[in-house]
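Thank you all for coming; I would like to walk you through one model this morning, going from helix packing to sheets and then to a few single residues. Please keep the picture in view while I talk.

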Amino acid sequence: MKKIIFLAAMSILGITACKTVVKETPDNSEKEVMKKADSVLALMTLDEKIGQLNQFSGDGELTGPVALRPDLLQSIRDGKVGSMLNINGADYTRKIQKIAIEESRLKIPLIFGYDVIHGYKTIFPIPLGEAASWDIEVAERSARIGATEAAAAGQHWTFAPMVDIARDPRWGRIMEGSGEDPYLGSRLAEARVKGFQGKNLADITTILACAKHYAGYGNAQAGRDYYTTDMSDNTLREIYLPPFKAAAKAGVETFMSAFNDLNGVPATGNKYLIHDILKTEWAFKGMVVSDWGSISEMIPHGIVANKYEAGDLAFNAGVDMDMEGNVYLTEMKNLLKDGNITEAQIDESVRRVLRLKFLLGLFEDPYRYSNTERESQTLLKPEFLAEARDAARKSFVLLKNENQVLPLNISVKSVALIGPAADAADDMIGNWSGRGEGKHVITLKKELETRLGAGKVLYAKGANFNDSDKSGFAAAMAAARRADIIIAACGEAGMMSGESMSRADISIPGVQEELILEMAKLGKPMVLVLFNGRPLILTKVNTFVPAILEAWIPGTMTGPALCDVLFGEYNPSGKLPVTFPYSVGQIPIYYNHKNSGRPGSQEQKFTSRYLDVPNDPLFPFGYGLSYTQFAYNNLILSESIVSDIHPLEVRVDIKNTGLVAGTETVQLYIRDLVGSVTRPVKELKGFTKVMLKAGEVQTVSFKVAKEDLSFYNREGVWGTEPGKFKVFVGTNSQNTIEAGFELK
Ligand code: GLC
């Protein structure tokens, strides 16, 4: 194939591209890229530089409040736009790119960004569900496939992974992240960044990733989205920052600043957070984009009086690009004239933007991602659907299975399938579902009918997701009475979680719970399959329903994945990445809590307790059952005194004591018994998945390094302190065996 090397001959009149031979993958070594970026920068006017720091959304899919903005296409011609988001498809992106390349003075290519959160066209489980797999390979694969599809559809950049730690299930965006734990969240952040960006961004199947929302967004008080966050620096650094730091170390090329007020200074204007920690302490060389309008929203925050001050605060904090705020475009020249910012600062930000465009090979070929033939050959490939099915079944968490209701027998005579989620295709792809479509979803109803034969499936919707209509109860109860087994497919509608979807009452919505309990009274074998984007309050149904399978929002391959588990072809192996409270009144409730001076229980007066509910959650972090059972024995530490901080080895035997093979996620927790600041009662410091045949025993080992014992002390200094530690190993954060060691 004829190779063409692209030599950019830039002249003051604009870019004169003389195409001789272009390598299939451009040379995007850092040195080469920065040299090219500087050569373009040298040609740019101030207006064109400011234009590169401006991002507008396409009119197709708005993902935020529509901001006023000049005529979009003319802005591109005038060099006032560096990036667009929500422009979808190879054809549409080519059309818009053509305006930048053929009608602007310097022909600088646009970067197209989009929210590829859990798949682009092939939709995977929501990230919280995927986190329940505790499977790093699954997370990397799903991001890889999301990137491959998105790149084939003209996208250069995804606003993912969302790595916000969330301890409050009322917050709707808990569905987008990896739950409550910094260690699990960090491992998944790394995997997703690698999945999206691959080994080299010159590869046509890779896209830029974006660690968001930097930072502390999940700490929203009362679980209300966009609301105030207030925390100590130690909490910020030990709980909320680790997944961001892990993403940065994994090479994420962009960050997105968050909406929230953080300790009195909104994250988007927070110099300590962006300039001091991200760009200086962590030496981040990538680009920081604001969230949608988060620069101008500092006005209602009340920390600035107008757009001029908002631009000043954000740009000096380190935000390089303004998403849909229209602030940099209108205020930057005045800020420069008044000496609030310098042209050197502007050049630095523009360099960070141009660097990405060279890394992606867009100067060599601005249309390389916009190929309609590749797009049609790539989307919804059978192998992608197979991966989505595998990811979904690995995400399911078996919460209860009394009397071995599960797995079901495929020769069952009749099954009553009841509930609003049974055949709700659109709800199975949930929020942030990219270009996914319900018409490609295989629902639980569809798959059950395929496997059992339609005549054996007695379907009745019974209730809606979230209203008081009980008119469907009679038909549902009639079906339940006739059937051998009841499957209740209930939970939240797909859009009841996600951005701006906080709920104060996190019970199973509408009248579904009433219907579930009515059916449970029949005393038949019954399984509740739950579809939800957040932990729900399951205390009542857990009392009366013999089996509960947490399915989250499973994606395009919902039905096949669920039937694989329901009929035992796949033994469920998921573990909760987030605590399921006993009562909403316990929130915030999380496993890595402090001990307090009066740790207690409901029975003990004058201790930390409630009169009306236990302190413990209904289901703890890390919890998940299997169709088999596992026993933990012989926990051995390589030493009981650890002096020179070489890694401590922890070994434990795991036995499959049941009758079927299964995969167990072995979890390692550490407790520092005494510190110069109070320390959590447990902290996850390792996990590994082991597949065991019935009766098989394996020895699992972990290394505990100095980093694992380090924390921010009373002076805010990171390091270890001598003293006694406990090691816990087990099947969840409550059910463990333990040993101790001393750090000298
Ligand atoms: C939204 C979200 C952010 C998303 C962006 C672009 O407001 O907060 O997560 O990436 O806008 O859609």
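When I speak of helices and strands, I mean DSSP runs, H or I of at least four residues for a helix and E of at least two for a strand, numbered from the N terminus. Please bear in mind that this is a predicted model, in which local features need pLDDT of at least 70 and side-chain atom pairs count only at pLDDT 80 or more, while totals for chains, interfaces and linings use all residues. Residues are numbered from 1 along each chain as its sequence is written, and side-chain values use heavy atoms, with hydrogens and water left out.

Let me begin with helix packing. The axes of helix 7, residues 182–197, and helix 9, residues 242–249, come within 8 Å and cross at roughly 30 degrees, where axes are lines fitted to C-alpha atoms, for helices over the stretch in contact, and angles run from 0 to 180 degrees between N-to-C directions. That makes helix 7 roughly parallel to helix 9; the cut-offs are under 35 degrees for roughly parallel, over 145 for roughly antiparallel, 65 to 115 for roughly perpendicular, and oblique for the rest. On the helix 7 side the contact residues are Pro182, Gly185, Ser186, Arg187, Ala189, Glu190 and Val193, and they meet Pro242, Pro243, Ala246 and Ala247 of helix 9, contact meaning heavy atoms within 4.5 Å.

Helix 12 (307–317) and helix 13 (328–337) have axes that come within 9 Å and cross at roughly 80 degrees, and these two helices are therefore roughly perpendicular to each other. Among the residues that make this contact are Tyr308 and Phe315 of helix 12, together with Tyr328 and Met332 of helix 13.

Turning to the sheets, one open sheet has six strands in the order 13-18-17-16-14-15, with mixed pairing, and two strands are said to pair if DSSP finds at least two bridges between them. Its edge strands are strand 13 (397–401) and strand 15 (457–460), each of which pairs on one side only, and the twist from one strand to the next averages 15 degrees. Within this sheet, strand 14 (415–418) and strand 16 (485–491) pair in the parallel sense over four bridges, with isoleucine 418 standing opposite alanine 488.

A second open sheet, of five strands, runs in the order 20-28-27-22-23, again with mixed pairing. Here strand 22 (662–672) and strand 27 (723–730) pair in the antiparallel sense over six bridges, and tyrosine 669 stands opposite phenylalanine 728.

Now for single residues. Is threonine 579 buried or exposed? At 3% relative accessibility threonine 579 counts as buried, the scale being under 20% relative accessible area for buried, over 50% for exposed and partly exposed in between, with a 1.4 Å probe and protein chains only. Threonine 579 lies in the loop between helix 21 (558–566) and strand 19 (630–637), and proline 588 has its place in the loop between helix 21 and strand 19 as well.

Most residues other than glycine have a negative phi, and most peptide bonds are trans. A cis peptide bond, however, joins isoleucine 587 and proline 588, with omega about 5 degrees, and another cis bond joins tyrosine 214 and alanine 215, with omega about -5 degrees. Tryptophan 432 has a positive phi, near 50 degrees, and is buried, with a relative accessible area of 13%. Asparagine 634, in strand 19, also has a positive phi, near 55 degrees, but is partly exposed at 47%.
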